[in-house]
Amino acid sequence: MDDFSAKKCVPCNAKDLRPMTEETAKELISKVPDWNLVNESGVLKLNRSWKVKSFLKGLELFRLVAEVAESEGHHPDLHLVGWNNVTIEIWTHAVGGLTENDFILAAKINGLPLQDLLRRKAKN
């Protein structure tokens with residue numbers, strides 16, 4: 001399997017772009033440690049959560065993720081709840097499911113230096 005962190009997201013405007021099957025997603029999920037595969041009403045998504053040290057650290061985490069998302073042209077859903085609970089959901093909205101782009105973005109987020117922002121070791 002490919003190293004997703006070395007790849008670049010491709011534009012999602014191709015008319016032939018289709019969401020991957022759940023079987024394929026289950027094969028690929030191991031390539032993005034600490035991310036979970038979730039099915040929300042038939043839509044497959046990647047999901048990961050962190051506990052940050054403070055509200056401002058949560059916003060800093062979002063800033064780091066936003067820089068990666070902008071450079072890849074692929075944008076996740078960001079949630080900051082209860083001042084220190086951060087959750088990120090990734091899926092390709094244009095196709096209503098997962099594409100390789102989602103795994104690329106998850107791998108690049110995994111490579112960010114987040115340790116100083118977190119309350120404890122990152123976990124699901």
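This is a short tour of the structure above, one selection at a time.

**Start with the whole chain**

Keep in mind that you are looking at a predicted model. Show the chain as a cartoon and follow the ribbon: you should find 3 helices and 4 strands. Starting at the N terminus, they come in the order α-β-β-α-β-β-α.

Now turn the view around. The C-alpha trace spans about 45 × 30 × 25 Å along its principal axes. How does the radius of gyration fit a compact globule? For 124 residues such a globule would have a value near 14 Å, and the chain has 14 Å, so the two agree.

**Add the contacts and the surface**

Among contacts in the chain with a separation of 6 or more, 68% join residues 24 or more positions apart. Next, switch on the surface. The chain exposes about 6,900 Å², with carbon and sulfur atoms supplying 52% of that area. As for what is covered, 40% of the 124 residues count as buried.

Colour the charges if you like. There are 17 positive and 17 negative ones, and their mean positions lie 7 Å apart.

**Select α3**

Pick residues 100–110, which form helix α3. Is this helix mostly covered or mostly open? It is mostly covered, as 8 of its 11 residues are buried. To see them, show the side chains of N101, D102, F103, I104, L105, A106, A107 and I109.

Which elements cover these buried residues? Bring up α1, β2 (43–51), α2 (55–72) and β4, which are among the parts of the chain that do so.

**Select D34**

Move to the loop between α1 (22–28) and β1 (36–40), where D34 is found. Look at its backbone: phi is near 75°, a positive value in a residue that is not glycine. Why stop at that sign? Because most residues other than glycine have a negative phi. On the surface, D34 is partly exposed, with a relative accessible area of 36%.

**Select W83**

The last stop is the loop between β3 (77–81) and β4 (85–90), which holds W83. What is its phi? W83 has a positive phi of about 65°, although it is not a glycine. With the surface on, W83 counts as partly exposed, at 46% relative accessibility.

To finish, put D34 and W83 on screen together: each is a residue other than glycine with a positive phi, and each is partly exposed.

Definitions and conventions: Residues numbered from 1 in each chain as written. Predicted model: local features only at pLDDT ≥ 70, side-chain atom pairs only at ≥ 80, totals over all residues. Heavy atoms only, no water. Helix = DSSP H or I, 4+ residues; strand = E, 2+ residues; numbered from the N terminus. Rg over C-alpha atoms; globule rule 2.2 N^0.38 Å. Buried < 20%, exposed > 50% of the residue type's maximum accessible area, 1.4 Å probe, protein only. Contact = heavy atoms within 4.5 Å. Areas by Shrake-Rupley, 256 points an atom, 1.4 Å probe, with all protein chains shown as cover. Lys, Arg positive; Asp, Glu negative; His and termini not counted. Charge placed at Lys NZ, Arg CZ, Asp CG, Glu CD.
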